[in-house]
Amino acid sequence: MTISEIARRTDHDRKTIRAYLAGDRVPGQRERAEPDTFDMFVDYVTARLTEDPHLWAATLLEELRPLGFTRSYPTLTRQVRDRKLRPACTACAHVTKRPNAIIEHPAGEETQFDWVELPDAPLGWAFPTKRAFVLVGSLAHSGVWRAVISPSMDLPHLLAAMTLLLSLLGGVTATWRFDRMSTVLKAGTIDLTPMFAAFSKHHAVSVVACRPRSGNRKGVVEKNNHTAAQRWWRNLPDELTLEQAQQSLNRPGFSAAFFLVKRQDSGRESSR
């Protein structure tokens, strides 16, 4: 068949058929009208995702902005997905989602508190263990949250961290929600420990403890725990002092300019 005959039967232009037959073009693949602007960032994105397969795309976008990336978040995620730049994580492949329900929280009703345990604390912090503990407090209605770094989860450190958290949040709500912490509840009971009962009475709030195996009732704070561990801790420069780290933790949006400090890679991984 001639090129003209093939063009008539397929309803394509003769130049298109000629290019296919000559191997200059491949069916289904269109040439870009302009160069792909993402090509210059592929090596950086590949290196970062190889170093940390769980790095959030939002954090990656903040790192790329100062390097000249001007496209949107959906463009970044599409490029990462289409180019298969994120390595597969076998440990996460079999994780299943727990059932959950949306719970209404009126404004001023509830603050949710929870500890996040983070490994590989910088040596300069002089913590007694290699771990750091972050107490996260989240307003259930708005989702606004603040956090305080602590060397321990014992009762004195809990009360000290909560005192600072309440000032960072701007006040108290009607109730505080916790999981069944031994520092908050007496073991095997629903009664508050004496010191924590006095602390809550001083602030004139009621304390609510989640039922066993009902952690999803703290969904607001658990989501913010995930943000603190995955977005803040994974990208925290090792050379920061404890005071600088605390300042960065409460910086809105975790400013990219703050995190783009030249850092030594410690291979830090957050808890899951």
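## Aromatic pairs

A search of the whole structure, which is a predicted model, finds 12 aromatic pairs. In one of them, the rings of Phe113 and Trp176 have their centres 5.9 Å apart and their planes at 80°, and because planes over 60 degrees apart count as edge-to-face, this pair is edge-to-face. Since Phe113 belongs to strand 1 (residues 110-118) and Trp176 to strand 4, the pair ties together parts that are 63 residues apart in sequence. Phe113 and Trp176 are both buried.

Another pair is formed by Phe178 and Phe196, whose ring centres are 5.2 Å apart and whose planes stand at 90°, so that this pair too is edge-to-face. Here Phe178 lies in strand 4 and Phe196 in helix 7, so the pair ties together parts that are 18 residues apart in sequence. Phe178 has a relative accessible area of 0% and is therefore buried, and Phe196, with a relative accessible area of 0%, is buried as well. Ring pairs link these residues further, joining Phe113, Trp176, Phe178, Phe196 and Phe199 into a cluster.

## The sheet

Strands 1 and 4, which carry residues of the pairs described above, belong to an open sheet of 5 strands, arranged in the order 3-2-1-4-5 with mixed pairing. Strand 3 (145-150) and strand 5 (206-209) are the edge strands, each pairing on one side only. On average, and with direction ignored, neighbouring strands of this sheet are turned by 25° against each other.

Strand 2 (residues 132-139) and strand 3 run antiparallel and are joined by 6 bridges. Within this part of the sheet, Val136 stands opposite Ala147 in strand 3.

## Helices

Two helices can be described by the strands they lie across. Helix 7 (residues 194-202) lies across strand 4 (175-178) and strand 5, and runs at about 150° to strand 4. Helix 9 (residues 242-249), in turn, lies across strand 2 and strand 3, running at about 165° to strand 3.

Helix 4 (residues 57-64) is mostly covered, with 7 of its 8 residues buried. Among the buried residues of helix 4 are Ala57, Leu60, Leu61 and Leu64, and also Thr59, Glu62 and Glu63.

## Confidence in the model

The chain averages a pLDDT of 82, and 84% of the residues score at least 70. Among the elements of the chain, helix 7 has the highest mean pLDDT (94), whereas helix 10 (residues 256-259) has the lowest (37). Over residues 255-272 the pLDDT is below 50, although this stretch has 48 contacts in the model beyond near neighbours in sequence.

How values were computed:
Residues numbered from 1 in each chain as written. Predicted model: local features only at pLDDT ≥ 70, side-chain atom pairs only at ≥ 80, totals over all residues. Heavy atoms only, no water. Pairing = 2+ DSSP bridges. Helix = DSSP H or I, 4+ residues; strand = E, 2+ residues; numbered from the N terminus. Axes fitted to C-alpha atoms, helices over the stretch in contact; angles between N-to-C directions. Contact = heavy atoms within 4.5 Å. Buried < 20%, exposed > 50% of the residue type's maximum accessible area, 1.4 Å probe, protein only. pLDDT = per-residue confidence, 0-100. Phe/Tyr/Trp six-rings, centres within 6.5 Å; stacked < 30°, edge-to-face > 60°.
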